[in-house]
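Visitor: I would like to go through this model and ask how its descriptions are justified. Please set the values against the cut-offs as we go.

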Amino acid sequence: MKSGKVGYVLPKHRNFPFLKIRAGYFFGEVDLLFYGEIRKYTALALKDCEFYVLNKKDFKKVFLMEFRDIGVEMYNNAFTRKVRTRKIYKEAVEYCKNGRNGSKGGLRLVMS
């Protein structure tokens, strides 16, 4: 993401942002690397954003064929992020179910 801020949000809980992604970071690679999985999270622009986009075909060509070392590192990092995001998601759902989603605090992980 070139500029702005995106959050993974909980639509059932008034779009509570449980994970924020700042400019200079990326997201979406988990969906591209782990085949057969349904996209589990909703991304919402929290500030005006400008993105760089890489389609699935080019992503595979670059990171799985041409630059395999980087692709392996990205795969390992994506797996770690997948596990961590799932944990944060579950904690955020519990947090919201307990009626605390109106507070300024919360379970927010910022990726920057």
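Visitor: Why are helix 2 and helix 3 called roughly perpendicular to each other?
Guide: This is a predicted model, and the answer rests on its helix axes. The axes of helix 2 and helix 3, the latter covering residues 68–97, cross at roughly 105°. Angles of 65 to 115 degrees count as roughly perpendicular, so helix 2 and helix 3 are described that way.

Visitor: How do you know that helix 2 meets helix 3, and which residues are involved?
Guide: Contact means heavy atoms within 4.5 Å. On the helix 2 side the residues are Phe-59, Phe-63, Leu-64, Met-65 and Glu-66, and they meet Arg-68, Ile-70, Gly-71 and Met-74 in helix 3. By class, this contact has six nonpolar, one polar and two charged residues. The two axes come within 5 Å.

Visitor: What makes Gly-71 polar rather than nonpolar here?
Guide: The classification does, because Gly is counted among the polar residues.

Visitor: Why is Arg-14 called exposed?
Guide: Its relative accessible area is 65%, and exposed means over 50%, so Arg-14 is placed in that class. Arg-14 lies in the loop between strand 1 (3–10) and strand 2 (16–22).

Visitor: Why does Asn-15 count as partly exposed?
Guide: Buried means under 20% and exposed over 50%, with partly exposed in between. Asn-15 has 35% relative accessibility, so it counts as partly exposed. Asn-15 also lies in the loop between strand 1 and strand 2.

Visitor: What makes the phi of Arg-14 worth a remark?
Guide: Arg-14 has a positive phi of about 55° although it is not a glycine. Most residues other than glycine have a negative phi. Asn-15 is likewise not a glycine, and its phi is near 55°, also positive.

Visitor: How far apart are the C-alpha atoms of Arg-14 and Cys-96?
Guide: They are separated by 9.6 Å, while the two residues are 82 residues apart along the chain.

Visitor: Which residues lie nearest the centre of the largest pocket?
Guide: They are Phe-26, Phe-27, Gly-28, Tyr-52 and Leu-54, out of 17 lining residues. Helix 1 (29–33) and helix 2 (56–66) are the elements that give two or more residues to this lining. Helix 1 gives the most, with three residues. The pocket holds about 470 Å³ of space.

Visitor: How does the lining of the largest pocket divide by class?
Guide: It has twelve nonpolar residues, one polar and four charged.

Conventions:
Residues numbered from 1 in each chain as written. Predicted model: local features only at pLDDT ≥ 70, side-chain atom pairs only at ≥ 80, totals over all residues. Heavy atoms only, no water. 1 Å grid on protein atoms, 1.4 Å probe; cavity = no way out; pocket = protein on both sides within 12 Å on 5 of 7 lines; lining within 4 Å. Points joined across faces, edges and corners; volume = space filled by probe spheres on them. Helix = DSSP H or I, 4+ residues; strand = E, 2+ residues; numbered from the N terminus. Axes fitted to C-alpha atoms, helices over the stretch in contact; angles between N-to-C directions. Parallel < 35°, antiparallel > 145°, perpendicular 65-115°, else oblique. Buried < 20%, exposed > 50% of the residue type's maximum accessible area, 1.4 Å probe, protein only.
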